[in-house]
Amino acid sequence: MRAIVRLVQLVATLLVASAIVFAAMSVLPGDAALLRLGMNAEPEAVAALRAEMGLDRPLPARFAAWLGGVVSGDLGTSGTYDVPVTALIAERAAVSAPLAALALLLSVMLALPAGLLAAIRRDRISDRLVQAAAQVGLSVPAIWLGLLFIYVFAAHLRWTASGGFPGWGAGFGAGLAALVLPTLALGIPQAAILTRIVRTAVTEAMDEDYVALARAKGRRLAGAVIVHALPNAWAPIITIIGMQFGFLVAGAIVVETVFNLPGLGRLLFQAVAQRDVVLVQGVTLVVVATVVVVNALCDVLATWTNPRQRAAP
């Protein structure tokens, strides 16, 4: 029953998100047909293109037609590139999806041991060092880290290229190497946030009676934390990881621009600059839908890891 309720909530959320995206793009100032043809276009040509794009129809009718296209996988045709939006998104997602996944993986791999160490060594020097490092990571924006990495590793040490992406056709290693610096720039600030969440969640769990009982039975502190405290701290940690995915997607727009990566973020940036409403609409919807689905999956996983919520009717 709960699965059905969650599925209905997910579909309703996606529907509302679609309506918001469409409405936001529709109220933007300017005539999309005129922008596409140029300011010196003949009025007859503009009127013909408006009819072709469906802009002469009422807003509800346009939304219904657009939503029908979305359901069937047709997000329209980009006015700038003159190709289907779905094809453009699929091409650029081959860069953005691995970048987001690697940044998320890096964030978890850094935050989990650092947060556990800080919790186990609470109020000691190692805890304070971890918290200080997390504070520095929180204070440094991804764009600044990206520029710093380009200066140090590309311009000064010459270990890697300053940007660009050779394509997966050039080889898995070459593609992965091009994503190393962007992954670090995108993942480190998120690791700082997650480190503090892991520390707080595990510290609160360590104060519970079952951890004290495990310690009274002779289990070492580290073992009691890993075996008893950490499993009960997973729910808030997983919830924050799901929320971080949205921040990673937003941060990718900046990082892909800094490193000249042909991903979804840079595509969206170019579409906004060129006033390509159909493309902006399609990319925004796909990004929003991805974030909503990932957060829904994280909610399910967080519930599954929490014995109390799992047993609830």
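**Figure 1. Burial across the whole chain.** Of the 313 residues of the protein, 37% count as buried. The model shown is predicted. Along its principal axes, the C-alpha trace spans about 85 × 60 × 35 Å. The protein exposes about 16,900 Å². Carbon and sulfur atoms supply 68% of that exposed area.

**Figure 2. The helices of the protein.** How many helices and strands does the protein have? There are 14 helices and zero strands. Read along the sequence, the pattern is α-α-α-α-α-α-α-α-α-α-α-α-α-α. Now look at the contacts with a separation of 6 or more. Residues 24 or more positions apart account for 71% of them.

**Figure 3. A nonpolar patch on the surface.** Five names to find here: Ile143, Trp144, Leu147, Leu148 and Val254 form this patch. Together they have about 430 Å² of accessible area. Which helix gives the most to the patch? Helix α7 does, with four residues. This helix covers residues 142-156.

**Figure 4. Close-up of Leu147.** Leu147 is found in helix α7. It is also one of the residues that form the nonpolar patch. Is Leu147 buried, partly exposed or exposed? Leu147 counts as partly exposed because its relative accessible area is 48%. Buried would need a value under 20%, and exposed one over 50%.

**Figure 5. Charges of the protein.** The protein carries 22 positive and 17 negative charges. Take the mean position of the positive charges, then that of the negative charges. These two mean positions are 16 Å apart.

Conventions
Residues are numbered from 1 along each chain as its sequence is written. This is a predicted model: local features need pLDDT of at least 70, side-chain atom pairs count only at pLDDT 80 or more; totals for chains, interfaces and linings use all residues. Side-chain values use heavy atoms; hydrogens and water are left out. Patches are made of residues with over 30% relative accessible area and no salt bridge: like charges are joined within 9 Å, nonpolar side chains (Val, Leu, Ile, Met, Phe, Trp, Tyr) within 5 Å. Accessible areas come from the Shrake-Rupley method with a 1.4 Å probe; for residues, only the protein chains shown count as cover. A salt bridge is a side-chain nitrogen of Lys or Arg within 4 Å of a carboxyl oxygen of Asp or Glu. Helices (H or I, at least four residues) and strands (E, at least two) are DSSP runs, numbered from the N terminus. Buried means under 20% relative accessible area, exposed over 50%, partly exposed in between (1.4 Å probe, protein chains only). Contact means heavy atoms within 4.5 Å. Lys and Arg count as positive and Asp and Glu as negative; His and the chain ends are not counted. The place of a charge is taken as NZ of Lys, CZ of Arg, CG of Asp or CD of Glu.
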